[in-house]
Amino acid sequence: MAEVVVEKWGLAPVWSALASLVFLWPVLNNYAPAGLRQWLTTFAERLATYLSPYLHLTISEYGQERFRRSDFYLAVEAYLSHACARRARKLRADLGKDARALQVSVDDDQEVIDSFRGATLWWYPSKKTNRSNVFSFYPGEDERHFYKLVFHRRHRDLVLDDYLPHVLAEGRAVTVSNRQRRLFTNNASGSSNPYRGGKGVWSHVPFEHPATFDTLAMDPDQKEAIIDDLTAFRDSKAYYSKVGKAWKRGYLLHGPPGTGKSTMIAAMANFLEYDVYDLELTAVKSNTDLRKLYIETTGKSIIVIEDIDCSVDLTGKRKKASDDKKASSDGGDGDDKPKLPTDEAKDEASKVTLSGLLNFIDGLWSACGGERIIIFTTNHKEKLDPALIRRGRMDVHIEMSYCRFEAFKVLAKNYLGVEQHELFGEIRRLLEETDMSPADVAENLMPMSKRKKRDPDACLAGLIEALNKAKEEAEAKEKEEAAEAKAAKEKEEAAVKDDDDEAGKSSSDKANGTI
Ligand SMILES: Nc1ncnc2c1ncn2[C@@H]1O[C@H](COP(=O)(O)OP(=O)(O)OP(=O)(O)O)[C@@H](O)[C@H]1O
Ligand SMILES: [Mg+2]
């Protein structure tokens, strides 16, 4: 719930004090010591507030839940940006959802005057900067954003009982109707970056990848199973809560380059209508930062770590006893215990560790917010630590493999609009015998030369040529490897024979007493 504070101070109105203050103010302001000046300023403010018939109401970005932006604050933001856009003096125009309609909203940090059932209300967006140099564990602690609502005290009941619920409902409705899905990144540093919305640790752009399960080329049964799994996950809130599990699911996508792992992620996001958080692990300084990033993600989202084997040194066994001391200060060896801020602060310089990542996936913090999918992709599943990808952490392992005939049919339909063709028989045979990635097959079905029309006959003939070439190259490579293996074996056998001869010679020498 949002933190709503109605400010009211109980100081008695002292008219004479006020009059003296007004007269003495210029003198005091120039000559009084700093401490007294500050006290007087506060006093004057409080007095003015007490005497004023207007009430102030504050809605903080981080309410009682210090880790998550308050729902109410977000609703107010949406309400003011869109519902009150016509009444603001400074506006911002943007292309809205799917870049189809023009959307006008209130510019950042603009005050807005609203009216409700005859009452006038003033909204002031504000922020307070924390000047202390103390390291903060909580998000939004360095700069506190809040909205201040000012209204006449005779409207107190109207505002608290009717207006605020109205703002909450309208704000939520605006959020739903304007929801443009977003692609977030944690690696958009520098002022010249094209990303917007950089208040938090994530920056974002609209998510516009067009891939869907219809355009994804893979075995139809495997595809069906994945769609079923996703649907079951999306509809299982009650089930997850009944069995006492956090509402999240892990997918490991593995396979050679160009087999559609990234395309699959886009298809999943479009199918579920979730946002995507593309987590660049190499840009994360420490396990603490990793946790902050997780906490700042919203529900209904897919968190992706691409090429997990290359991102961070997570390979090999988990740390041995000698390293345990260090590991425990990094976040523990897979234990889910939240660490004290001071422990983490000391460890600021350290990089993300395997244990930090395990905590990220299924530590206690991972249950915040709910409805999340975590996806890792890799070209080398065998290089990953088994702890990272065990069932329960990565619930579903999906192998994306080379293009076979069923997958090819999807590509032919998408790229050429062809469902049947006389060359399909030969292509089927070649695809069974040759490993070619869907990316390479697709490339052959999409000639980029303007002069070449997308002629299915020519494209399919070109694909057959490419497949034959790939087959020949694979056979030549196989022969070369076989020859190399044979040469190595012969060399080894010759070495063993030499050793035997040497051993036989020395034992006969010994028997003859020549040494
Ligand atoms: N299964 C597929 N279905 C449809 N298109 C595909 C498929 N696989 C690859 N492609 C096409 O090939 C291109 C590259 O695929 P993608 O980036 O998804 O591969 P990847 O497995 O993520 O590769 P890498 O391991 O190098 O990251 C995509 O833009 C897409 O057009
Ligand atoms: Mg990829």
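Q: In which sense do strand 5 and strand 6 pair, and over how many bridges?
A: This is a predicted model. Strands of a sheet pair through backbone hydrogen bonds, either parallel or antiparallel. Strand 5 (residues 112–116) and strand 6 (residues 119–129) pair in the antiparallel sense. Five bridges join them.

Q: Which residue stands opposite D114?
A: Look across to strand 6. There, L121 stands opposite D114.

Q: What does R117 do in the hairpin of strand 5 and strand 6?
A: This hairpin has two residues between the strands. R117 takes a positive phi there, near 45°.

Q: How many bridges join strand 6 to strand 7?
A: Eight bridges do so. Strand 7 covers residues 143–152, and strand 6 and strand 7 run antiparallel. For a cross-strand pair, find K127, which stands opposite H145 in strand 7.

Q: Now the open sheet. In what order do its seven strands lie?
A: Read the order as 9-8-11-12-13-10-14. The pairing is mixed. Its edge strands are strand 9 (203–206) and strand 14 (396–399), each of which pairs on one side only. On average, neighbouring strands of this sheet are turned by 20° against each other, direction ignored.

Q: In which sense do strand 10 and strand 14 pair?
A: Strand 10 (residues 248–254) and strand 14 pair in the parallel sense, over four bridges. One position to find is L252, which stands opposite H397 in strand 14.

Q: Which strands does helix 7 touch as it packs on the sheet?
A: Helix 7 touches strand 10, strand 11 (275–278), strand 12 (301–305) and strand 13 (372–378). The direction of helix 7 makes about 170° with that of strand 12.

Q: How should I think about side chains in such a sheet?
A: In a regular strand the side chains alternate between the two faces of the sheet.

Q: Which residues come nearest to ligand 1?
A: There are 16 residues around ligand 1, and P257, G260, T263, P438 and A439 come nearest. Helix 7 (261–272) and helix 16 (438–444) are the elements that give two or more residues to this shell.

Q: How do the residues of the shell around ligand 1 divide into nonpolar, polar and charged?
A: Eight are nonpolar, seven polar and one charged.

Q: Which domains give at least three residues each to the shell around ligand 1?
A: Domain 2 (184–399) and domain 3 (403–515) each do.

Q: What is the mean pLDDT of the chain?
A: The mean is 79, and 74% of the residues reach 70 or more. The model scores ipTM 0.98 and pTM 0.65.

Q: Where does pLDDT stay under 50?
A: Residues 8–12 are one such stretch, with six contacts beyond four places in sequence. Residues 190–198 are another, with twelve such contacts.

Note on methods. Residues are numbered from 1 along each chain as its sequence is written. Chains are lettered from A and ligands numbered from 1 in the order in which they are written. This is a predicted model: local features need pLDDT of at least 70, side-chain atom pairs count only at pLDDT 80 or more; totals for chains, interfaces and linings use all residues. A residue is near a molecule or strand if its C-beta atom, placed from the backbone, lies within 6 Å of it. Ala, Val, Leu, Ile, Met, Phe, Trp, Tyr, Cys and Pro count as nonpolar, Asp, Glu, Lys and Arg as charged, and the others, Gly among them, as polar. Domain bounds come from an automatic or database domain assignment. Two strands pair if DSSP finds at least two bridges between them. Axes are lines fitted to C-alpha atoms, for helices over the stretch in contact, and angles run from 0 to 180 degrees between N-to-C directions. Two residues are in contact if their C-beta atoms, placed from the backbone, lie within 7 Å. pLDDT is the predictor's confidence in each residue, from 0 to 100.
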